[in-house]
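Visitor: I should like a close look at one part of this model, with the reasoning set out step by step. Please begin from the structure as displayed.

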Amino acid sequence: MFGEKPTCSICHKEIQGNDVVFVKMRYPNYKGMTEITAYLRNEGSFICEDCFNKKSN
Ligand SMILES: [Zn+2]
């Protein structure tokens with residue numbers, strides 16, 4: 001998994017730089033956000049803007 005490009009968890013579109021994305025995740029138990037990037041790689045699900053808008057309709 002490490003090194004893979006992030007993709008939308010719904011349509012599996014590759015997330016491009018500068019795209020607006022939404023992240024569904026469990027908030028980490030530990031305090032501090034320093035390891036949030038690593039945490040996101042393991043636990044986060046990215047949702048692209050298109051899918052997020054569809055979901056909320
Ligand atoms: Zn999507």
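Is E14 buried, partly exposed or exposed, and what is its relative accessible area?

Guide: In this predicted model, E14 is partly exposed, because its relative accessible area is 33%, a value that falls between the 20% limit for buried and the 50% limit for exposed. The side chain of E14 meets that of K5 in a salt bridge, with an N to O distance of 3.8 Å. That distance qualifies because the cut-off for such a pair is 4 Å. Side chains of opposite charge can pair when their charged atoms come close. The partner, K5, is exposed, since its relative accessible area is 57%. A search of the whole structure finds one salt bridge.

From this pair one may turn to the nonpolar residues. The largest nonpolar core consists of five residues, namely C8, I15, I47, C48 and C51. In soluble globular proteins, nonpolar side chains tend to be buried together. Within this core, C8 counts as buried because its relative accessibility is 0%. Another core member, C51, is in contact with C8, I10 and C11 when its neighbours within four places in sequence are left aside. Of these contacts, C11 is partly exposed, as its relative accessible area is 39%.

The cysteines invite a further check. A disulfide is a covalent bond between the sulfur atoms of two cysteines. With a cut-off of 2.5 Å between cysteine sulfur atoms, the count of disulfides comes to zero.

Two core residues also lead to strand β1, which spans residues 21–24 and includes V21. Not counting residues up to four places away in sequence, V21 touches I15, F46 and I47; I15 and I47 are both listed in the largest nonpolar core. The C-alpha atoms of V21 and I47 are separated by 5.7 Å, although the two residues are 26 residues apart along the chain. V21 itself is partly exposed, because its relative accessible area is 28%.

Finally, the backbone before the strand deserves attention. H12 is placed in the segment before β1, and its phi is positive, at about 65°, although H12 is not a glycine. H12 is exposed, given its relative accessible area of 57%. N18 also lies in the segment before β1; its phi is near 80°, again a positive value in a residue other than glycine. At 79% relative accessibility, N18 counts as exposed.

Methods:
Residues numbered from 1 in each chain as written. Predicted model: local features only at pLDDT ≥ 70, side-chain atom pairs only at ≥ 80, totals over all residues. Heavy atoms only, no water. Buried < 20%, exposed > 50% of the residue type's maximum accessible area, 1.4 Å probe, protein only. Core = buried A, V, L, I, M, F, W, Y, C linked by side-chain atoms within 4.5 Å. Contact = heavy atoms within 4.5 Å. Helix = DSSP H or I, 4+ residues; strand = E, 2+ residues; numbered from the N terminus.
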